[in-house]
Amino acid sequence: AIDPTQSTDLRAAAASLLGRRMDRLDEELSVLSSLLTPQTPAEVQSAAVKSSGRIGGARVSAILLQQWPSYSPTVRTTVADLLLARESSAMDLLRAIEAGKVAPTDLDVQRRERLAKHSSPQVKNLAKKLLQSAETNRQDVIDANRSVLSLTGDRARGAKVFATHCATCHHMESIGAEIGPGLVSVTNWSGEALLTSILDPDRQVEPRYLSYTAKLNNNDEIFGIITAETGGGITMKGLDGKDQTILRQNLKSLTCTNHSLMPMGFEQAMSKQELADLISYLQTAH
């Protein structure tokens, strides 16, 4: 499992056999912990996570959560599902959120819903408290700009606003790049929903669109979203729209920023009329 010269499939199969020997749990847990690094293929990391679930307990939760910032979206999903499977580990996940070690937006909407509707009253109550608190972090900004919704937007001006502020990452009609999520479906969104997503992009961000910083062994840094993973490396797409593949052997560290690639602060970059124009454009584009 720990031999990088072996195939990814063989390493993952070996990792999946760990966590069974009660007389060697300390040793096997140490091996499993050592596999939770960005230099290890995602398939092997995921197999190690699942095997650690056989051991369970607070010690395993602590190990899994300690490495959280370095997990790719694929591995994060595996870790989250394992922690959500038991009441005690779900509480460990929530305490990590409460301590600021895990951001609520690191979990997708479905897993946040699982926490908020958990069968355990203790988990459910704490989840609702923490997740509701997270959703109000930018609510004051949204409320301060709610008058935008009463303004009459101009589609043509909105297209220019889109080209200036949004086209770096989003594609609509013939404008922009395809880095962030496609926007075809937002034509059906209400003005309220669009205003919220523009001013609070972290609120409903999908984990695959969270940004990461990859530091290489030569100390170069690459910033962007992870678009693909293989046993040998990861592919990241930056704000220039170009894919860059990084070999795992060249990867010194991988850290999630806990934020969407889309920045905060558009209320400072646009006037209220420009926000209204942008919303008008998004609702009528095709």
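Glu-206 is partly exposed, with a relative accessibility of 37% in this predicted model. The side chain forms a salt bridge with Arg-208, and the closest N and O atoms are 2.9 Å apart. Arg-208 is partly exposed as well, at a relative accessible area of 47%. Side chains of opposite charge can pair when their charged atoms come close. A search of the whole structure turns up 15 salt bridges, and a few others are worth a visit.

Take Asp-277 and Arg-157, whose closest N and O atoms are 2.8 Å apart in their salt bridge. This pair connects distant parts of the chain: Asp-277 sits in helix H13 (residues 272–284) and Arg-157 in helix H10 (residues 155–165), 120 residues apart. What about burial? Asp-277 has just 2% relative accessibility, so it counts as buried. Arg-157, on the other hand, is partly exposed, with a relative accessible area of 41%.

Next up is Arg-248, which forms a salt bridge with Glu-229, the closest N and O atoms being 2.9 Å apart. Arg-248 is in the loop between strand S6 (243–247) and strand S7 (251–260), while Glu-229 belongs to strand S4 (residues 221–229), so the bridge ties together parts that are 19 residues apart in sequence. Here Arg-248 is the buried partner, with a relative accessible area of 4%, and Glu-229 is partly exposed at 23%.

That loop brings us to the sheet. Five strands make up an open sheet, in the order S6-S5-S4-S3-S7, with antiparallel pairing. S6 and S7 are the edge strands, each pairing on one side only. On average, neighbouring strands are turned by 45° against each other, ignoring direction.

Now walk through the sheet pair by pair. Strand S3 (residues 210–216) runs antiparallel to S4, and four bridges join them. Look for Lys-215, whose bridge partner in S4 is Glu-221. S3 and S4 form a hairpin with four residues between them, and in the turn Asn-219 has a positive phi of about 75°. S4 then pairs with strand S5 (residues 233–237), again in the antiparallel sense and over four bridges. Ile-225 stands opposite Lys-237 in S5, and this hairpin has three residues between its strands. One step further along, five bridges join S5 to S6, which run antiparallel. In that pairing, Met-236 has Gln-244 in S6 as its bridge partner.

Which helix packs on this sheet? H5 does, touching S3, S4 and S7, and its direction makes about 115° with that of S3. H5 also has a helical companion: the axes of H5 and helix H7 (residues 109–116) come within 11 Å and cross at roughly 10°. Angles under 35 degrees count as roughly parallel, so H5 and H7 are roughly parallel to each other. From the H5 side, Thr-77, Ala-80, Asp-81 and Leu-84 meet Arg-111, Arg-114 and Leu-115 in H7. Charged residues from this contact turn up again in a network of salt bridges that links Asp-81, Asp-108, Arg-111 and Arg-114.

Leu-115 leads us on to the nonpolar interior. The largest nonpolar core has 37 residues, and the members touching the most others are Leu-64, Trp-68, Val-79, Leu-93, Leu-94 and Leu-115. Several helices each supply at least two residues of this core, among them helix H1 (8–15), helix H3 (42–55), helix H5 (73–84) and helix H8 (121–135). Helix H6 gives the largest share, six residues. For a closer look, pick Leu-94: leaving aside neighbours within four places in sequence, Leu-94 is in contact with Leu-115, Val-123, Leu-126, Ala-127 and Leu-130. There is also a second, separate core of 23 residues, which includes Phe-162, Ala-167, Leu-194 and Phe-266.

Last stop: Glu-267, in helix H12 (residues 266–269). Is Glu-267 buried or exposed? Its relative accessibility is 18%, so Glu-267 counts as buried, given that the cut-off for buried is under 20%. Not counting residues up to four places away in sequence, Glu-267 touches Arg-138, Val-141, Asn-145 and Leu-199.

Methods
Residues are numbered from 1 along each chain as its sequence is written. This is a predicted model: local features need pLDDT of at least 70, side-chain atom pairs count only at pLDDT 80 or more; totals for chains, interfaces and linings use all residues. Side-chain values use heavy atoms; hydrogens and water are left out. Buried means under 20% relative accessible area, exposed over 50%, partly exposed in between (1.4 Å probe, protein chains only). Contact means heavy atoms within 4.5 Å. A salt bridge is a side-chain nitrogen of Lys or Arg within 4 Å of a carboxyl oxygen of Asp or Glu. Two strands pair if DSSP finds at least two bridges between them. A nonpolar core is a set of buried Ala, Val, Leu, Ile, Met, Phe, Trp, Tyr and Cys residues joined through side-chain atoms within 4.5 Å. Axes are lines fitted to C-alpha atoms, for helices over the stretch in contact, and angles run from 0 to 180 degrees between N-to-C directions. Angles under 35 degrees count as roughly parallel, over 145 as roughly antiparallel, 65 to 115 as roughly perpendicular and the rest as oblique.
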